[in-house]
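Here is a note for a colleague who is new to this structure. The points below take the sheets, the helix that packs on them, a charged pair and the cavity in turn.

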Amino acid sequence: MSNHAAEIAKVLATPAAEALIERLRERHGPVLFHQSGGCCDGSSPMCYPQDDFIVGDRDVQLGEIAGAPFYMSPSQYEYWKHTQLIIDVIEGRGGMFSLENGEGVRFLTRSRLFTDAEVEALQTAGRF
């Protein structure tokens, strides 16, 4: 794998998101994220205690943010694979089942398209 491909994160977190993840980890222990595919909580990144969420056999792990694994369904990954997800925090009410609910803030997924060079590096490294 080229060094360039190893440096390309498929998911990352803002400092505000990292601070919230740390607070949630202190209260709930190890946590993980699953990018919601819609329905009740829209398309929010959902934060769960690691022991309370069963990751699907086909779910794709995009990486980790602040030490928390981040997953997405395979069908959603096909749609989002050209983008880098940037997990942020904004004021508002968190997802009904997500750990930040009641904190007065919620996680939000922002994104940017990978450049052609990043896509090529990820493909070459087998990470696309």
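1. Two strands count as paired if DSSP finds at least two bridges between them. In this predicted model, four strands form an open sheet by that rule, in the order β3-β2-β5-β4 and with mixed pairing. Its edge strands are β3 (45-49) and β4 (60-65), each of which pairs on one side only. On average, neighbouring strands of this sheet are turned by 25° against each other, direction ignored.

2. Within the four-stranded sheet, strand β2 (residues 31-35) pairs with β3 in the antiparallel sense, over five bridges. V31 has P49 in β3 as its bridge partner. Helix α2 packs on this sheet and touches β2, β3, β4 and β5 (68-72). The direction of α2 makes about 125° with that of β2.

3. There is also an open sheet of three strands, ordered β1-β6-β7, again with mixed pairing. Here β1 (11-13) and β7 (105-113) are the edge strands, pairing on one side only. From one strand to the next, the twist averages 25°.

4. Which way do β1 and β6 pair, parallel or antiparallel? They run in the parallel sense, with three bridges between them. V11 stands opposite L85 in β6. Helix α2 (residues 15-28) packs on this three-stranded sheet, with contacts to β1, β6 and β7. Its direction makes about 70° with that of β6. Helix α2 thus appears in two points of this note, packing on the sheet of β2 to β5 and on the sheet of β1, β6 and β7.

5. Side chains of opposite charge can pair when their charged atoms come close. Searching the whole structure gives five salt bridges. One of them joins R27 and E103, with the closest N and O atoms 2.3 Å apart. This pair links distant parts of the chain: R27 belongs to helix α2, while E103 sits in the loop between β6 and β7, 76 residues apart.

6. How many cavities of 30 Å³ or more are there? The count comes to one. The largest cavity holds about 40 Å³ of space. Its lining consists of K10, L62, M72, Y77, W80, K81, T83 and L85. Two elements, α3 (74-80) and β6 (83-91), give two or more residues to that lining. By class, the lining has five nonpolar residues, one polar and two charged. L85, one of the lining residues, is also the residue opposite V11.

Technical notes: Residues are numbered from 1 along each chain as its sequence is written. This is a predicted model: local features need pLDDT of at least 70, side-chain atom pairs count only at pLDDT 80 or more; totals for chains, interfaces and linings use all residues. Side-chain values use heavy atoms; hydrogens and water are left out. On a 1 Å grid over the protein atoms alone, a cavity is a set of points where a 1.4 Å probe fits but cannot get out, and a pocket is an open set with protein on both sides within 12 Å along at least five of seven lines; lining residues have an atom within 4 Å of a point. Grid points are joined across faces, edges and corners, and a volume is the space filled by probe spheres set on the points. Ala, Val, Leu, Ile, Met, Phe, Trp, Tyr, Cys and Pro count as nonpolar, Asp, Glu, Lys and Arg as charged, and the others, Gly among them, as polar. Axes are lines fitted to C-alpha atoms, for helices over the stretch in contact, and angles run from 0 to 180 degrees between N-to-C directions. Contact means heavy atoms within 4.5 Å. A salt bridge is a side-chain nitrogen of Lys or Arg within 4 Å of a carboxyl oxygen of Asp or Glu.
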